[in-house]
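Trainee: I keep meeting labels like "buried" and "salt bridge" in structure notes. Could we go through one model and check each label against its cut-off?

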Amino acid sequence: MVSKRNHPLEQSHYDDPTLEEYVLGQLLPGEEEAIRQHLTECAVCRTKVAAYRAACQRIKSGLFQKLDEVAPGPRLSFDHIASEWRKPPRRITFLYRLQQLMPSTSSLVLLALFVVAFLLVMPPSDTAALRNLGLIEDYNGPRSVVAASTDDGLVILRLSAGDVEVVSHMSYMIDPRNLQFSPDGQWLALQQGRTLHIIETLNQGAHIRLDLDDSADWSWSPDGQRLAYTDGEGGLYVFDIATQTSRLLVPAEECAWGRPVWTSDGQQIAYSMVKPLPGSGASHDQQSIWRVDPSNGFRVELTRNDAPDDVLLVPAAWVQDDNALLVWDVKAGAIGSLPELYYVDAAAHHLEPLRGYSVAAGTRLAWPVSARGMVLAIHRDQLVFLDLDQSTRQSIPDQFPRPHNLAWAPNGAWMAYTVSGMAEGQGLYVFALQDGESHQVELPGGAVEKAVSWAGAEHLFVIRQPLDSSSAELWVVPLTTGQDPQRVLTNIRMPQTGPYVGWRWQDVLAMQVIQ
Amino acid sequence: MDDVPLIRRAQEGDERAARLLFDMYQLRTYRLALGLLGDTADAEEVAQDALTYALLNIYRYKEHLSSFSTWLHTITVSRARDKRRRKVLPSISMAQWLGMGNQIRDYEPGPEAHIMRREVEGGLLSALNKLSPKLREAIVLRFYADCTYKEMGEIMDCSLNTARSRLRLAIEKLRVQLGEEQVRWLASETIR
């Protein structure tokens, strides 16, 4: 800091570099102000600053004055740059090329109009995908809902007399599994990847997604308001449609596995317990069949498997007014072998072999139980009907063709079945329990019958595979009206074969009659 | 005029934007080159080179790193150095090239300007010619291109302190060349 004395010889001064920086304007505002104050008092510094500033001004004005008088000659021009500019590879962006193509706003408007017109004229991909289904136009079967897996995704249809409505087309659903409609047809449950999708079968309906493991399985309650599911990791849950929430019934450490089976009144659920869970590679230490009350989670062991390493017991259906359980076994490592049937007395906790074998279709029985407690079985290479309600057994004549796939009518009085290896259109039969006779239902040629299910009391849904085709068709077959069978849709994906035997049709197609 | 939209358009390939940029910067670039080299033909060549390179490679320019003029000045200084290296500059005084009538605007100087011109011919510009190229760059960038120390450092590819040192040294040398007495006289005129 400079002194305050006024005599030049007694004053302190700023050094030359600082004063030069001051002139060049390179000091901080505080320093600049201090020097400005000092210059008012110090003639020596003031003279130095003035001299330096004059020199700088002279340099600057001299340069400006002379350089600004000069202009370049014609050699300096853009022409050379322009010719180079147009040569490849100039970096011209797509945006600029676009702007060159459409220099005016009117062109943009015309382009937009063209795009709109194009979209209006061209059918959306949905339309093309639906056209591939070959949907029926004059459907005359019962009111139903159908879900079909195609190469273009999953399609949900509502069928009614003379009308087919596409409820939804989910093109992203390319590999669904285990399609199951609720009994009222209002909801569809299916798995894709590790997600359980619960889809309302209405246009723009609800769609709930739940996380699962690959080996999950589920079934709807008889009233269609709850879905019981094992998550593949040992837990058993109930999803409630009304609240759209899941509730844990059996914790994962209790190793619930496979398909839960509801009683007809929806008060109990039978399930299998396997420790450790299948798929872990370890031998099974424990296996048993349990039942659980879905309202409070109270559970009881119904029976225990004495040989969990050899076979696993799987509940199939409740019989005898929900007092007993039909169980079948999955033989470990015996792919292709027939599963044996068992009977579990729920009150006595007693497991009894039924001396009969059945046929599996994936994780279900291909020969299910009827509403009257009847089940088809094989005993000593003979087909027999086991009446589980009456605990009787009825032999079937040798000429009775062995069913490949079987379905019971809702009243349990009729049985429809397909027979493999038959000529096209010749593989569908209906058996009347009362008179013990089978009747062949002839269908148009060109396809073979693969599976059947009842569509109400008077119609059948038949899955057929056209000759030389790698896709399947769904047909509706009237039994009483004398009308011709109709093809409802085609180009359904063929399913994978199940882990044991049979075709997993439930992975590609589901049908449900609705009231 | 804000040159950023023009630069972006030119970066997208718009030739018209490139032409506008050329028109905006050609005079400044030429005069900077002339200040650096002192020869009109060389300055024209260097300015053409610098503008051609800058515009054909404008996609290399990064807006967030420097202003376009700083980037262009950097190219111009670099090209001027190249030119200087390739050619031994003839010892022609600036007064000579400034006197080339066909390249000077139609400008009729007044009596004061004549006096100044004589002074310049005999004083500032001859002193400028005696500076080393780097010191001359510092003077031209600071007093003609009005660059900050930071910009000077970027353009001359040196640190800020080096740029500052070069400028002060150049001014000092010019002051000696021009003569302290004359400067003092001018100073007294200025502060009066």
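Trainee: What makes strand β6 (residues 195–200) of chain A largely enclosed by the rest of the structure?

Mentor: Look at the burial in this predicted model. Buried means under 20% relative accessible area, exposed over 50%, and partly exposed in between, with a 1.4 Å probe and protein chains only. Five of the six residues of β6(A) are buried, so the strand is largely enclosed. As for the strand label itself, helices (H or I, at least four residues) and strands (E, at least two) are DSSP runs, numbered from the N terminus.

Trainee: How do you know that β5(A) and β6(A) pair?

Mentor: Two strands pair if DSSP finds at least two bridges between them. Strand β5 (residues 187–192) of chain A has six bridges to β6(A), in the antiparallel sense, so the pairing criterion is met. One of the bridges sets Trp187(A) against Glu200(A) in β6(A). The two strands form a hairpin with two residues between them, and Gly193(A) in the turn has a positive phi of about 65°.

Trainee: What happens between β6(A) and β7(A)?

Mentor: Strand β7 (residues 207–211) of chain A runs antiparallel to β6(A), and five bridges join them. Ile198(A) stands opposite Ile208(A) in β7(A). This is a hairpin too, with six residues between the strands and a positive phi of about 60° at Gln204(A) in the turn.

Trainee: Which ground rules sit behind these values?

Mentor: Residues are numbered from 1 along each chain as its sequence is written, while chains are lettered from A and ligands numbered from 1 in the order in which they are written. In this predicted model, local features need pLDDT of at least 70, side-chain atom pairs count only at pLDDT 80 or more, and totals for chains, interfaces and linings use all residues; side-chain values use heavy atoms, with hydrogens and water left out.

Trainee: Why is the contact between Lys48(A) and Asp16(A) called a salt bridge?

Mentor: The label needs a side-chain nitrogen of Lys or Arg within 4 Å of a carboxyl oxygen of Asp or Glu. For Lys48(A) and Asp16(A), the closest N and O atoms are 3.0 Å apart, so the label holds. Lys48(A) is in helix α3 (residues 43–67) of chain A and Asp16(A) in helix α1 (residues 16–23) of chain A, so the pair ties together parts 32 residues apart in sequence.

Trainee: Why do Lys48(A) and Asp16(A) count as partly exposed?

Mentor: Lys48(A) has 35% relative accessibility and Asp16(A) has 38%. Both values fall in the in-between class.

Trainee: What about Arg299(A) and Glu254(A)?

Mentor: That salt bridge has its closest N and O atoms 2.8 Å apart. Arg299(A) is in strand β15 (residues 299–304) of chain A and Glu254(A) in the loop between β11 (245–250) and β12 (256–262) of chain A, 45 residues apart. Arg299(A), at 23%, is partly exposed, and Glu254(A), at 24%, is partly exposed too.

Trainee: How are Glu154(B) and Lys150(B) placed in their helix?

Mentor: They are four residues apart in helix α9 (residues 149–156) of chain B, so about one helical turn separates them. Their side chains meet in a salt bridge at 3.0 Å, N to O. Glu154(B), at 33%, is partly exposed, but Lys150(B), at 53%, is exposed. Over all chains there are 24 salt bridges.

Trainee: What makes a set of residues a nonpolar core?

Mentor: The members are buried Ala, Val, Leu, Ile, Met, Phe, Trp, Tyr and Cys residues joined through side-chain atoms within 4.5 Å. The largest core here has 75 residues, and those with the most contacts inside it include Leu21(B), Phe68(B) and Ile139(B). Helix α2 (residues 15–37) of chain B gives the largest share, 11 residues. Apart from that core lies another of 36 residues, among them Trp257(A) and Met273(A).

Trainee: How confident is the predictor about chain A?

Mentor: pLDDT is the predictor's confidence in each residue, from 0 to 100. Chain A has a mean of 86, and 91% of its residues reach 70 or more. Among its elements, helix α5 (residues 94–101) of chain A has the lowest mean, 64, and strand β9 (residues 226–230) of chain A the highest, 96. Over residues 1–8 of chain A the pLDDT is below 50. Where pLDDT is low, the predicted coordinates should not be read in detail.

Technical notes
Contact means heavy atoms within 4.5 Å.
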